[in-house]
Amino acid sequence: SSGINAEYGDKMQKQGAEIKALSEKIEELDLTITKLKLECEEAKNIRSDDKDLPVEIEAAKAQAQYYHDNTKEFKKLLSASGIKKEYTHEHLQKMSEKVTVLASEIEATKTRIAEFKELPPSIPLAREKIRQLQIEIEAVEQQFPELACN
């Protein structure tokens, strides 16, 4: 059973890595497409007598289309792989952020709880502790009457 779980875990880890790589590639391609579209728009706005300009514009359009097609292909591969939402990079990032928030809340709670650790575990013990402290205060007041609150 543990061998099956380990094998399943390994497969899930490998698929997660592949999914992350595909997601990153898609993001990279989307950025490239956006850059190329901007370059095309800039090229359209340039007024020049350069005879190569139309060729450059067409080359940029072709490259943009190529990246656009690749992005679509990677998205199809990603959905065909049967990926669950829980394994996407975005979901894992959100979960990591939640874990960070919860960890800070746990630390704050631990700090608050630490204040109570020195208290006795029961009311009779707490009363005894208070009585002992009162005796100590009275002893100090007898030694140093000028410190007495009375």
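Trainee: What is the relative accessible area of Lys61?

Mentor: This is a predicted model: local features need pLDDT (the predictor's confidence in each residue, from 0 to 100) of at least 70, side-chain atom pairs count only at pLDDT 80 or more, and totals for chains, interfaces and linings use all residues. Residues are numbered from 1 along each chain as its sequence is written, and side-chain values use heavy atoms, leaving out hydrogens and water. Buried means under 20% relative accessible area, exposed over 50%, and partly exposed in between, with a 1.4 Å probe and protein chains only. Lys61 is partly exposed, and its value is 37%.

Trainee: Which residue meets Lys61 in a salt bridge?

Mentor: A salt bridge needs a side-chain nitrogen of Lys or Arg within 4 Å of a carboxyl oxygen of Asp or Glu. Here the N to O distance is 3.9 Å. The two residues both lie in helix α2, three residues apart, about one turn of the helix. The partner is Glu58.

Trainee: How many helices does the chain have?

Mentor: Helices (H or I, at least four residues) and strands (E, at least two) are DSSP runs, numbered from the N terminus. Strands come to zero. Along the sequence the pattern reads α-α-α-α. The helices number four.

Trainee: Which element has the highest mean pLDDT?

Mentor: Over the chain, the mean is 80, and 84% of residues reach 70 or more. Among the elements, α1 has the lowest mean, 76. The highest mean, 89, belongs to helix α3.

Trainee: Which residue forms a salt bridge with Glu24?

Mentor: Glu24 sits in helix α1 and is partly exposed at 40%. Its partner lies in α1 too, four residues apart, about one turn of the helix. The closest N and O atoms are 3.9 Å apart, and the partner is Lys20.

Trainee: How far apart are the closest N and O atoms of Lys25 and Glu28?

Mentor: Both residues lie in helix α1, three residues apart. Lys25 is partly exposed at 33%, and Glu28 is partly exposed at 44%. They form a salt bridge, with the closest N and O atoms apart by 3.8 Å.

Trainee: Is Thr71 buried or exposed?

Mentor: Thr71 lies in helix α2. Contact means heavy atoms within 4.5 Å, and Thr71 touches Ile26, Leu29, Asp30 and Ile33, not counting residues up to four places away in sequence. Its relative accessibility is 4%, so Thr71 counts as buried.

Trainee: Which residues does Leu22 contact, leaving aside neighbours within four places in sequence?

Mentor: Leu22 is in helix α1, residues 2–45. Its C-alpha atom is separated by 8.1 Å from that of Lys75, 53 residues apart along the chain. The contacts of Leu22 are Phe74 and Leu78.

Trainee: What is the arrangement of the rings of Tyr66 and Tyr67?

Mentor: Rings of Phe, Tyr and Trp (its six-membered ring) pair if their centres lie within 6.5 Å; planes under 30 degrees apart count as stacked, over 60 as edge-to-face and the rest as tilted. The structure holds one aromatic pair. The rings of Tyr66 and Tyr67 have centres 5.4 Å apart and planes at 65 degrees, so the pair is edge-to-face.

Trainee: What percentage of the chain's residues count as buried?

Mentor: The chain exposes about 12800 Å², by the Shrake-Rupley method with a 1.4 Å probe. Carbon and sulfur atoms supply 57% of that area. Of the 150 residues, the buried part is 11%.
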